[in-house]
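Trainee: I would like a close look at a single part of this structure, the nonpolar core and what packs around it. Could you take me through that part slowly and connect it to the rest of the chain?

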Amino acid sequence: TQIDLVAAALGQREQAAALKAQIRGALAQASRDHPVLAGKTFAYVRADLGSGNFAAYVAGDPRVDTIAAMGLKLAPSMQGLHASAGHFAHYLGFEHADALGDADVLVSWFYTPQERDRTAALPLFAAIPAVKRGAYVALSDPALIMASSSGTPLAVDWMLGRLAPALAAAAQRSEAGPGV
C-alpha cells in the first residue's frame, strides 16, 4: 500500500509494480533457499513483562505477512484473531500462553537482551512448546527488529539474509521434538 501511494503521488506506477515484484521475488527466493520453512506454522508475539500480555501480531501486519511470504503459515490459533481495538495486535494475557502451542516456530522481539532473558525465565513462557524445542527466534537487534517490522523495500532486502536463516534454524529444531 505504501509503495502504491508513493507511486501514485510521484506518477510512477510502473516502477511500483516492478518494485513489488522484486520484493515478492526476494521473499520467494528465501522460501526456496530454506525449504524447511514450507508449511511450518508460526506465531509472532511481543511479550510485554510490564502488562503481562502477549501482543500477538495478526495477518495484515508486515511482520506476519513477511514471514508468511517465506512459506510459513500463521498458526491456526492466531488465524482467527483480530487486532484489539485501537491497536495493531491482539492482546493475550500470559495465562493464555498455551494458545501458542500449535505454533511450530515462535518469533518475538525485545528491546534489550536482558528483557529477552527475563522473559525466557518466566515459567509460562518457557512452557510454550516452540520455546521448549528451541524453535524460537528471539530478536533483540534493533535494526533487524525495525527492518522486519516495516515491510519497506530496502528493509526487506536487508533483513532477509538475517531473518530467513534464523527462521530456518528454528524450523529445523521444531522437527527435533521437545527438549532438543
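Mentor: Contact here means heavy atoms within 4.5 Å. The model is a predicted one, and what follows should be read with that in mind.

Let me begin with the core itself. The largest nonpolar core holds 58 residues, and among these Phe54, Met70 and Leu106 touch the most other members. The element that gives the most to this core is helix H9, covering residues 153-174, with 10 residues. Met70 makes a good starting point for a closer view: leaving out residues up to four places away in sequence, Met70 touches Leu27, Ala30, Ser31 and Leu37, and also Leu160, Leu163, Ala164 and Leu167.

A second way into this region is through Phe125, which lies in helix H6, residues 123-126. Phe125 counts as buried because its relative accessibility is 2%, where buried means under 20%. Its contacts, apart from neighbours within four places in sequence, are Ala47, Phe54, Leu106, Thr119, Ala120, Val131 and Tyr136. Phe54 and Leu106, which Phe125 touches, are also two of the three core residues with the most contacts to other members. Thr112 is 13 residues from Phe125 along the chain, and the C-alpha atoms of the two are separated by 17 Å.

From there it is worth turning to a charged residue, Glu115, which is found in helix H5, residues 113-120. Is Glu115 buried or exposed? With a relative accessible area of 8%, Glu115 is buried, because that value falls under the 20% limit. Not counting residues up to four places away in sequence, Glu115 touches Arg46, Ala47, Leu49 and Phe110. Ala47 is therefore a contact of Glu115 and of Phe125, given that contact means heavy atoms within 4.5 Å.

Helix H8, residues 142-150, brings several elements together, and its buried residues are Leu144, Ile145, Ala147, Ser148 and Ser149. These buried residues pack against strand E1 (41-48), helix H3 (62-69), strand E5 (105-109), strand E6 (136-139) and H9. Just after H8 comes Gly151, which takes a positive phi of about 75°.

Pro153 has its place in helix H9, the helix that gives the most to the core. At 22% relative accessibility, Pro153 counts as partly exposed, because the range for that class lies between 20% and 50%. Its contacts, again leaving aside residues up to four places away in sequence, are Ile3, Leu19 and Ile23. Although Pro153 and Ile23 are 130 residues apart along the chain, their C-alpha atoms are separated by 6.5 Å. Ile3 also offers a link to Gln15, since the C-alpha atoms of Gln15 and Ile3, 12 residues apart along the chain, are separated by 9.5 Å. Gln15 lies in helix H2, residues 13-33, and at 47% relative accessibility it counts as partly exposed.

Finally, the part can be set against the whole chain. The secondary structure comes to nine helices and six strands, and 43% of the 180 residues count as buried. Among contacts with a separation of 6 or more, 75% are between residues 24 or more positions apart. A compact globule of 180 residues would have a radius of gyration near 16 Å, and the 17 Å of this chain agrees with that. The C-alpha trace spans about 55 × 35 × 30 Å along its principal axes. The chain exposes about 8,800 Å², of which carbon and sulfur atoms supply 59%. As for charge, there are 14 positive and 15 negative side chains, and the centres of the two sets lie 3 Å apart.

Technical notes: Residues are numbered from 1 along each chain as its sequence is written. This is a predicted model: local features need pLDDT of at least 70, side-chain atom pairs count only at pLDDT 80 or more; totals for chains, interfaces and linings use all residues. Side-chain values use heavy atoms; hydrogens and water are left out. A nonpolar core is a set of buried Ala, Val, Leu, Ile, Met, Phe, Trp, Tyr and Cys residues joined through side-chain atoms within 4.5 Å. Buried means under 20% relative accessible area, exposed over 50%, partly exposed in between (1.4 Å probe, protein chains only). Helices (H or I, at least four residues) and strands (E, at least two) are DSSP runs, numbered from the N terminus. The radius of gyration is taken over C-alpha atoms; the globule rule is 2.2 Å times the number of residues to the power 0.38. Accessible areas come from the Shrake-Rupley method with a 1.4 Å probe; for residues, only the protein chains shown count as cover. Lys and Arg count as positive and Asp and Glu as negative; His and the chain ends are not counted. The place of a charge is taken as NZ of Lys, CZ of Arg, CG of Asp or CD of Glu.
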